[in-house]
Structure formats: C-alpha cells, structure tokens
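Please take a moment to look over the chain shown here. We will walk through it together, step by step.

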Amino acid sequence: MTVTLVPPPAPHPARDARPLDVLGVPGQVNLDYAATAPCARAAADVVAELLPWYASVHRGAGALSRRCTLAYERARQTVGDFFGARPGDHVVFTRNTTDALNLLARALPAGTTVVTFGGEHHANLLPWPRASVRLPVPREPAEAVRALAAALAELRRPGAGPGGDRLPPVLVAVTGASNVTGERWPVAELARVARRHGARIVLDAAQLAPHAPVDVAALDVDYLAVSGHKLYAPFGAGVLVGRGDWLDAAPPYLAGGGATSHVGAATHDVRWATGPARHEAGTPNLLGAVALAAVCAALAAADRAALHDAEQALLARLRRGMAALPRVVELRTFGPEAPRVGIVSFVVAGRDSADVAAELAGAHDIGVRDGLFCAHPLARRLLDEAAARSGRRDLPPTALRASIGLGSTTEHVDRLLAALAALA
Ligand SMILES: Cc1ncc(COP(=O)(O)O)c(C=O)c1O
C-alpha cells in the first residue's frame with residue numbers, strides 16, 4: 001500500500017464563482033429537496049480542499065490536526081453567526097435536526113412542560129416528555145397564536161402547574177415551515193406570546209432555513225435546530241443553537257472523551273465541561289460541520305430575496321399546473337394563499353401514491369416522496385380534509401410530495417406536471 005502525501009489543492013477554479021450551484025445527475029429530476037437537498041458546490045469544494053488535511057479535531061498537536069481543529073471551531077462561529085447566535089448562546093453540532101431536538105429534550109430542567117402543535121414532524125413531537133401539551137392543528141396562522149396564548153395562560157394560572165404557585169419552565173416547540181405542506185408558521189408572533197408568558201421557544205427550522213433567512217435574535221426564539229443535509233450540506237451534520245444555561249446545567253447528551261474537564265480515579269469522579277463540548281463527546285464530524293458552514297457563508301453572501309422570488313415563481317407554476325389537473329388534489333392546512341416554502345403535497349385521485357411515485361421514477365426519472373412524511377397525525381388529517389374539500393371518495397390513504405430549491409428549474413416543474421397529466 002502506498003501513502004501519497006498531497007499538498008492542499010489550490011482553491012477550486014469555480015470556488016466562489018457559483019457556490020450555490022448544486023450537484024446532480026443529468027436527466028434525473030430531483031424534486032425531493034425537503035427530504036435531502038442536493039449538495040451545494042460550496043460544500044463540495046470546501047470538503048475537497050480540507051480532505052488532504054483531514055486529521056483529528058481537538059486531539060492532536062500536529063499541523064494537520066491543528067488546522068482541522070481550527071476549521072471545526074471556525075465552522076461553529078460561521079454557523080452561529082449565520083443563525084444570529086447571541087452572547088451566551090451555544091452552537092452545538094449534532095447529526096441532524098432530530099438529534100438537536102433530542103439533545104434539547106434531554107437538557108430540559110425537571111418539570112418542564114413542552115407545548116407543541118399536532119402538525120409537527122415526528123422529530124418535534126416524539127422527543128418531548130410524556131406530559132407535553134399537544135395543541136390541535138390550527139386552521140390559520142392567527143389561530144395558532146391565539147391557541148398558544150390560551151394554553152400558556154392556562155399553564156401559568158396560579159396553582160395550575162405541578163409546582164403550585166411556582167412557575168415551572170415551559171418550552172414551546174414549533175416548526176418554521178411544515179414539511180408536509182411547506183406552509184410557514186407565524187414564528188415571531190408565537191415567540192412574542194411565549195415571551196409574554198415567560199416560556200421559552202425552540203424553532204424547528206429544518207424546512208424553513210433552506211428557503212429563508214432565520215435569525216434567532218431577530219425572531220427572539222431561544223433555540224433553533226437544523227439539518228445540514230436539507231441545507232445543501234451533506235456529510236451528516238446538524239446544529240442546535242441557543243441559550244447556554246439549560247445546556248450547561250444538563251447531564252451531557254453523550255458521555256465520553258472531549259466532554260470532560262476532569263476525570264478522577266473513582267468511577268464517578270467526573271467534572272463535565274461547559275459549552276458545546278459538554279454535549280459533543282467523541283470525535284466530531286469535522287467534514288459535516290465545515291460543509292454546513294460553507295453553505296451558511298455562501299447563503300449569507302447571496303441575494304436571498306432574489307433566490308426567494310425565483311423559488312416562489314417556480315412554486316406558483318407548480319401549484320397552478322397541479323390545480324389544472326382534475327384528479328390532482330393538494331394538501332393544505334391554511335388557506336390556499338398562505339405563505340409557504342417550495343413544498344407541495346398532493347394526491348392523485350384513484351391512484352395509490354406509492355405506485356405513482358414508482359411510475360414517476362421509473363418512466364420519467366423524477367424523484368418525489370410518498371407516504372405520510374414522518375408527520376402522521378398531520379398528514380392523515382390533511383388527507384381527510386382534502387377528501388372533504390374535493391368531495392372525492394377515491395383519494396388514497398397516503399400522499400405524494402414534490403419539493404424544490406436551489407437548482408430547480410421550470411423544466412423540472414413542467415416535467416412533473418406533464419408526467420402527472422399523463423398518468424392522471
Ligand atoms: C420539519 C422537520 N423537522 C425535523 C425533521 C427531521 O430532520 P432530520 O431527519 O434531518 O433529523 C424533518 C425532516 O424531514 C423536518 O421536515
């Protein structure tokens with residue numbers, strides 16, 4: 001076996017020229033960004049540049065290791081800045097949004113009541129304690145705000161909580177945009193309500209962050225969770241950004257090397273580190289963190305308003321085209337004009353959704369998602385509502401989802417519409 005020592009490559013010629021181009025395979029139409037978005041050039045380039053230097057993080061004195069440690073900590077800074085982290089916030093790298101929300105669930109002070117809505121992805125329903133309050137899915141964004149205000153007023157009623165007149169902690173957990181419908185939730189208003197009632201709020205930004213700027217300080221949310229692989233940064237990193245106090249007081253999410261400041265001879269003689277290290281035991285995912293930071297930097301430098309407008313134009317084309325197909329029925333929670341990101345869920349009346357997805361892939365090289373999208377309570381309810389709204393009795397029990405983003409084109413949208421027209 002030979003070992004080739006290679007110097008770090010010169011920056012990729014395309015570097016910075018089109019950092020938000022995405023990689024893909026010619027001919028294949030990827031309309032499944034909401035599950036996993038394609039890799040941005042910025043992420044691919046930064047990983048290719050770092051690979052020759054790839055070595056341990058936080059663990060070595062060698063030049064390679066020092067460079068990797070620096071790259072990892074710079075990535076933390078870049079990601080924190082991108083999401084508006086405040087002094088006192090921690091930026092903890094995780095595997096994905098699910099991992100970030102589970103970490104927060106494990107860090108809740110004893111007796112915390114978590115309030116969610118039934119429209120959440122399972123990642124924002126299942127990690128929370130059993131005694132969590134699950135509010136019904138609202139019919140419009142303003143109803144969500146009213147329902148939260150009423151629920152928090154009740155929880156804060158003197159003597160109402162398990163602690164009697166003491167105010168136990170409350171955490172509100174909401175999504176920024178639904179992974180089923182793409183509809184945006186009124187995060188800033190919900191945060192204001194939470195604040196008024198002395199509750200904290202965590203934003204599941206898995207679907208919002210790829211489509212719109214998200215800033216924890218501007219929104220006044222306490223925590224934010226995202227997945228790199230939905231934000232054009234594969235390699236398996238996510239992040240939890242937010243208030244350091246609960247995180248520093250909690251037992252480490254993962255126990256092991258890197259999370260301690262002192263380990264004595266006795267079994268339980270351990271002092272845990274504070275800061276992000278407390279929850280990041282083990283060798284961290286350097287490439288994932290660096291890829292995520294590269295995309296954050298590229299998005300920060302981009303004209304987000306222009307990207308948003310282009311995506312909205314495509315989304316409108318897609319929804320208009322679907323509305324013109326008599327057997328295609330869209331799923332939605334709010335009114336048809338409610339703001340949404342580039343996600344549309346739908347059914348083809350009289351056709352099994354898994355069969356449709358397979359046909360789109362096999363006959364048309366189009367990738368969409370089918371099923372209940374890890375949001376079973378919401379998806380089932382919206383399927384029932386779609387049946388009632390359309391007056392059809394032949395809607396299937398699961399749905400299809402098309403989702404777009406950077407690199408999506410009118411040709412992609414039109415190919416899906418033509419394929420649906422052919423099979424519907
Ligand atoms: C709104 C939302 N939250 C959380 C998640 C979980 O993300 P991950 O699978 O990357 O942990 C998803 C994934 O689809 C999602 O759409």
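What follows goes from the domains to a sheet and then to a helix that packs on that sheet.

Keep in mind as you look that this is a predicted model. Start with the overall division: the domain assignment splits the chain into domain 1, covering 53–301, and domain 2, covering 304–423. If you place a centre on the C-alpha atoms of each domain, the two centres are 30 Å apart. The domains also meet, with 25 residues of domain 1 in contact with 26 residues of domain 2. Counting residues as in contact here rests on C-beta atoms, placed from the backbone, lying within 7 Å. On the domain 1 side of this meeting, ten residues are nonpolar, ten are polar and five are charged.

Now turn to the sheet. Its seven strands form an open arrangement, and reading across them gives E2-E8-E7-E6-E5-E3-E4, with mixed pairing. At the edges you will find strand E2 (89–94) and strand E4 (133–135), each of which pairs on one side only. Going from one strand to the next, the twist averages 15°.

It helps to zoom in on one pair. In general, strands of a sheet pair through backbone hydrogen bonds, either parallel or antiparallel. Strand E3 (residues 113–117) and strand E5 (residues 170–175) run parallel, and four bridges join them. Within this pair, you can find Thr116 opposite Ala173 in E5.

Finally, look for helix H2 (residues 63–82), which packs on the sheet. Helix H2 touches E2 and strand E8 (238–243), and the direction of the helix makes about 115° with that of E2.

Notes
Residues numbered from 1 in each chain as written. Predicted model: local features only at pLDDT ≥ 70, side-chain atom pairs only at ≥ 80, totals over all residues. Domains from an automatic or database assignment. Contact = placed C-beta atoms within 7 Å. Nonpolar A, V, L, I, M, F, W, Y, C, P; charged D, E, K, R; others polar. Pairing = 2+ DSSP bridges. Helix = DSSP H or I, 4+ residues; strand = E, 2+ residues; numbered from the N terminus. Axes fitted to C-alpha atoms, helices over the stretch in contact; angles between N-to-C directions.
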